[in-house]
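Visitor: I'd like to learn how to read this model feature by feature. Could you walk me through it?

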Amino acid sequence: MAFRLYNAPQSTCSQRVRFVFNAKKLPFDEVKLNLLEGDQLKPDYLKLNPNGVVPTLDHDGAIVIDSTVITEYLDEVEPEVSFTPENPVARARMRALMHFIDEMPAAAVRVPTFNLAFLPSFQKMSREDFVAMAESKPIRREFMLTMGQTGFPEAEMDAALGRLRRTYERMDAEIEKSGGPWLLGKDISLADVAVMPALVRMHDLGMADQWQDLPRIVTWFDNIRAQPAFKPTYYHGSLLSERFPHLRQPAQASA
Ligand SMILES: N[C@@H](CCC(=O)N[C@@H](CS)C(=O)NCC(=O)O)C(=O)O
């Protein structure tokens, strides 16, 4: 059984899938796409993933798209190391959380990411090239055009940070309810994996202060970073600060 993963090192959605592969110790052939160069919009890739986004899994010719679907698929076909609770009620809670995570932090984190990391590249483009690039995106066209070449306005940035803050509070409430240390209790689940990249991204952008008053989240973040699958998932080049020198915090810059 051969797995090929089309993904991008710094893509938060890709990081979820790499984490599950690494935790299950499953070998996979990793195809790295350059999202700023538009590899995800090339005709051959669009045949695999008509949304024009990463990740895409090719499992012996069977194509599976969407990161949360891929992680559930991997748990079904390779269940030995499982991230899915046996109990149907717990499983339903996990899926509901995954929906919440896709709607709230996974979408919100794109605003600071694009404003702080990618905007300088878009500002170098001519107006015509930028609009053509935005219009070639099947599902992110409006997002790109709203951002434009001046970035999302402050109100949009504040709204995104507000949605992220509400995510940390929701995680805190879930951990309190389940007894922790993970969202659903004593075992890590796909819900923890789904939200991980948003917090790693905010930490990388220097905004981890947003959850320092929530000790359960501080512990959750330490715990997930201590997982053996974390390091191979975040290999060099997976953090934006490793790719964009202008994002480096003073401590990182001198390291
Ligand atoms: N719901 C999808 C979203 C995928 C997605 O947005 N991928 C981003 C990277 S995290 C992407 O490929 N962006 C390319 C672009 O915006 O052109 C999933 O979870 O797989």
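Visitor: Let's go straight to a strand pair: which residue is the bridge partner of threonine 56 in E4?
Guide: In E4, threonine 56 has isoleucine 65 as its bridge partner. Two strands count as paired if DSSP finds at least two bridges between them, and E3 and E4 have four, in the antiparallel sense. Helices (H or I, at least four residues) and strands (E, at least two) are DSSP runs, numbered from the N terminus. Before going on: this is a predicted model, where local features need pLDDT of at least 70 and side-chain atom pairs count only at pLDDT 80 or more, while totals for chains, interfaces and linings use all residues. Residues are numbered from 1 along each chain as its sequence is written.

Visitor: How do I read the turn joining those two strands, and what is the phi of aspartate 60?
Guide: As a general idea, most residues other than glycine have a negative phi, and most peptide bonds are trans. Aspartate 60 has a positive phi, near 50°. Aspartate 60 sits in the loop between E3 and E4, a hairpin with two residues between the strands.

Visitor: Where are the cis peptide bonds you can show me?
Guide: One joins valine 54 and proline 55, with omega about 5°. Proline 55 belongs to the loop between helix H2 (43–48) and E3. Another runs from glycine 180 to proline 181, with omega near 5°. Proline 181 is in the loop between helix H9 (154–178) and H10.

Visitor: Back to the strands, then. What is the strand order of the open sheet?
Guide: Its four strands come in the order E2-E1-E3-E4, and the pairing is mixed. The edges are strand E2 (29–32) and strand E4 (62–65), each of which pairs on one side only. On average, neighbouring strands are turned by 20° against each other, direction ignored; the axes here are lines fitted to C-alpha atoms, for helices over the stretch in contact, and angles run from 0 to 180 degrees between N-to-C directions.

Visitor: Which way do E1 and E2 run, parallel or antiparallel?
Guide: Strand E1 (residues 3–7) and E2 run parallel, joined by four bridges. Arginine 4 has aspartate 29 as its bridge partner in E2, and leucine 5 has glutamate 30 there. With strand E3 (residues 56–59), E1 pairs in the antiparallel sense, over four bridges. On that side, phenylalanine 3 is partnered by histidine 59, and arginine 4 stands opposite aspartate 58. A useful idea when you look along a strand: in a regular strand the side chains alternate between the two faces of the sheet.

Visitor: Now helix packing. At what angle do the axes of H3 and H10 cross?
Guide: Two packed helices are described by the angle between their axes and the distance between the axes. Here helix H3 (residues 67–77) and helix H10 (residues 190–204) cross at roughly 145°, with their axes coming within 11 Å. Thr68, Thr71, Glu72 and Asp75 of H3 make the contact with Leu190, Val193 and Ala194 of H10, where contact asks for C-beta atoms, placed from the backbone, within 7 Å. By class, that contact has three nonpolar, two polar and two charged residues. For the classes, Ala, Val, Leu, Ile, Met, Phe, Trp, Tyr, Cys and Pro count as nonpolar, Asp, Glu, Lys and Arg as charged, and the others, Gly among them, as polar.

Visitor: And the ligand: which residues come nearest?
Guide: Ser11, Cys13, Val53, Ser67 and Arg140 do, out of 13 residues around the ligand; a residue is near if its C-beta atom, placed from the backbone, lies within 6 Å. The shell divides into five nonpolar, five polar and three charged residues. Helix H1 (12–24) and H3 each supply at least two of the shell's residues.

Visitor: Finally, how many helices does the protein chain have?
Guide: The protein chain has 14 helices, along with four strands. Its C-alpha atoms fill a box of roughly 55 × 45 × 35 Å, taken along the principal axes.

Terms used
Contact = placed C-beta atoms within 7 Å.
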